[in-house]
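Work through these short exercises with the model open. Each task is followed by its solution.

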Amino acid sequence: MILAIDTATPAVTAGVARRTAAGVEVLAEQITVDARAHAEQLTPNVIAAVADAGITFADLEAVVVGCGPGPFTGLRVGMATAAAYGQALGIPVYGVCSLDAIAPVTTGELLVVTDARRREVYWARYRDGVRVDGPAVSAAADVEPGSGSVAGPAAQAALFPLPSLGVEYPTVAGLVTAADWDQPPAALVPLYLRRPDAKTLAERGLS
């Protein structure tokens, strides 16, 4: 059993899945869309997902967590929580690119975008289900849309003249699919892609 977590977008995602010969089977998924409630909603969503799956925490064998790109506060909540579960349960924690968890496995070209604020988007480009460019952060006007489809939140997807797949946020199935299960988990590294808005006193020249 695998616990999947993502807080890189306004969606607070938690769920339980397992890998089978036929693919990823999602047993439970809890998603709350609230950009200001990552810390408040994540643990309740995890607990609810484990209960809905009809298992206990002792049944979990691994954790997958989205590592962004995303804002500093949101990523910190999800990644710290995933690491805590991994340490407490003695199970491995796999970090994945959150944009990969939005991108469904499709043929052809796909652009995935999310809100980076400051009139910018986080983006990555895929071909036949494989990421070929990104992740990066840019003004939407500076991102070449390509000729395929687009996935991501409606407001950001609408910035590009492409048909939308209607997949807005990372999913449990997407998170588990994006993990490299053939390799031991690497250290979790957040994909901020730019410096956080908050600055220390020294950075502001007030020390």
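**Exercise 1.** Find which residues Val46 touches, leaving out those up to four places away in sequence.

Solution. This is a predicted model. Start at Val46 and take heavy atoms within 4.5 Å as the contact limit. Val46 then touches Leu3, Ile5, Ala14, Phe57 and Tyr85.

**Exercise 2.** Place Val46 in the largest nonpolar core and state which elements build that core.

Solution. The core has 25 residues. Ile5 and Val46 have the most contacts inside it. Next, list the elements that supply two or more residues: strands E1 (2-6), E2 (11-20) and E4 (62-66), with helices H1 (38-52) and H2 (72-89). H2 gives the most, with five residues. Another core lies apart from this one. That one has 13 residues, including Tyr94, Val96, Ala101 and Ala179. As background, nonpolar side chains in soluble globular proteins tend to be buried together.

**Exercise 3.** Determine the order of helices and strands along the chain, then judge its compactness.

Solution. Count first: four helices and nine strands. Read along the sequence, they follow β-β-β-α-β-α-β-β-β-β-β-α-α. Now compare sizes. The radius of gyration is 17 Å, close to the 17 Å from the globule rule for 207 residues, so the chain is as compact as a globular protein of that length. The C-alpha trace spans about 55 × 45 × 30 Å along its principal axes.

**Exercise 4.** Describe burial and charge for the chain.

Solution. Take burial as under 20% relative accessible area. By that limit, 43% of the 207 residues are buried. The exposed area is about 10200 Å², with 52% of it from carbon and sulfur atoms. For charge, count 14 positive and 21 negative side chains. The centres of the two sets lie 10 Å apart.

Note on methods
Residues are numbered from 1 along each chain as its sequence is written. This is a predicted model: local features need pLDDT of at least 70, side-chain atom pairs count only at pLDDT 80 or more; totals for chains, interfaces and linings use all residues. Side-chain values use heavy atoms; hydrogens and water are left out. A nonpolar core is a set of buried Ala, Val, Leu, Ile, Met, Phe, Trp, Tyr and Cys residues joined through side-chain atoms within 4.5 Å. Buried means under 20% relative accessible area, exposed over 50%, partly exposed in between (1.4 Å probe, protein chains only). The radius of gyration is taken over C-alpha atoms; the globule rule is 2.2 Å times the number of residues to the power 0.38. Accessible areas come from the Shrake-Rupley method with a 1.4 Å probe; for residues, only the protein chains shown count as cover. Lys and Arg count as positive and Asp and Glu as negative; His and the chain ends are not counted. The place of a charge is taken as NZ of Lys, CZ of Arg, CG of Asp or CD of Glu.
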